[in-house]
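Colleague: I have the sequence and the model open side by side, and I would like a close look at a single part. Could you take me through the surroundings of the ligand, and then place them in the rest of the chain?

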Amino acid sequence: MSFDSDVTVPRLAALRKRYQADLDRALKNDHEENSALWVEFNTNRLNELPRPMCANCVHLQTGMRCRLAGAVPPPEVRENGCEAWEFDDIPF
Ligand code: SF4
């Protein structure tokens, strides 16, 4: 999935909130469009949001080093990212 601007932790939270609100409206069947399609569309949008981790962060360098930290992040940060995470949008 491509996004219209860089995805940071705050932007990811805002996107998740917006997509969830759209999904909730579709599930209540009060959306002006066909609700079944909107349920599917918004479920897919939520599922396609990236999960923060070092492996998909623009700040990751070779050798699993973080450019910002100047070190290899600990396992829990590698798995879940940190507040400085920024999605690299590169699909490999
Ligand atoms: S520690 Fe944070 S900023 Fe550094 S690569 Fe991992 S997620 Fe990105």
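**The ligand shell and its setting**

Modeller: Happy to. This is a predicted model, with a mean pLDDT of 90 over the protein and 88% of its residues at 70 or more. Among the helices, confidence is lowest in α2, with a mean of 92, and highest in α3, with 97. A general caution for any model of this kind: where pLDDT is low, the predicted coordinates should not be read in detail.

First, the frame in which the ligand sits. The protein has three helices and zero strands, so its elements read α-α-α from the N terminus on. Helix α1 covers residues 9–27, and its 19 residues, at 1.5 Å each, should span 27 Å; the C-alpha atoms at its ends are 27 Å apart, in agreement with that. Just after α1, N29 takes a positive phi of about 60°. Of the 92 residues in the protein, 13% are buried. Looking at contacts between residues at least 6 apart in sequence, 55% join residues at least 24 apart.

Now to the ligand itself. Around it are 13 residues, of which C54, C57, C66, C82 and W85 come nearest. Sorted by class, this shell holds 11 nonpolar residues, two polar ones and no charged residues.

W85 is a good place to begin, as one of the residues that come nearest to the ligand. You will find W85 in the segment after α3. W85 counts as buried because 25 C-beta neighbours lie inside 10 Å, and 20 are enough for that label. Beyond its neighbours within four places in sequence, W85 is in contact with V9, P52 and C57. One of these, C57, is also among the residues that come nearest to the ligand. Another pair to check on your screen is W85 and L60, which are 25 residues apart in sequence, with their C-alpha atoms 9.4 Å apart.

From W85 we can step to P52, in the loop between α2 (35–48) and α3. P52 has 22 C-beta neighbours inside 10 Å, so P52 is buried. Leaving aside neighbours within four places in sequence, the contacts of P52 are V9, L12, N80, G81 and W85. V9 and P52 are 43 residues apart along the chain, yet 7.8 Å separates their C-alpha atoms. V9 is thus a partner of P52 and also of W85.

Next comes R78, in helix α3 (residues 75–80). Outside its neighbours within four places in sequence, R78 is in contact with M53, C54 and P73. C54 brings us back to the ligand, as it is among the residues that come nearest. R78 has 17 C-beta neighbours inside 10 Å and therefore counts as partly exposed.

R78 also leads to M64: their C-alpha atoms are 8.6 Å apart, and 14 residues separate them along the chain. M64 is in the loop between α2 and α3. With 12 other C-beta atoms within 10 Å, M64 is exposed. Its backbone deserves a glance too, since M64 has a positive phi of about 60° although it is not a glycine.

The last stop is A69, which also lies in the loop between α2 and α3. A69 is partly exposed, with 14 other C-beta atoms within 10 Å. A69 and H59 are 10 residues apart in sequence, and their C-alpha atoms are 9.1 Å apart.

To retrace the route on your screen, start from the ligand and W85, go on to the contact between W85 and P52, then turn to C54 and its contact with R78, and finish with M64 and A69 in the loop between α2 and α3.

Key. Residues are numbered from 1 along each chain as its sequence is written. This is a predicted model: local features need pLDDT of at least 70, side-chain atom pairs count only at pLDDT 80 or more; totals for chains, interfaces and linings use all residues. A residue is near a molecule or strand if its C-beta atom, placed from the backbone, lies within 6 Å of it. Ala, Val, Leu, Ile, Met, Phe, Trp, Tyr, Cys and Pro count as nonpolar, Asp, Glu, Lys and Arg as charged, and the others, Gly among them, as polar. Helices (H or I, at least four residues) and strands (E, at least two) are DSSP runs, numbered from the N terminus. Two residues are in contact if their C-beta atoms, placed from the backbone, lie within 7 Å. The expected span of a helix is 1.5 Å times one less than its number of residues. pLDDT is the predictor's confidence in each residue, from 0 to 100.
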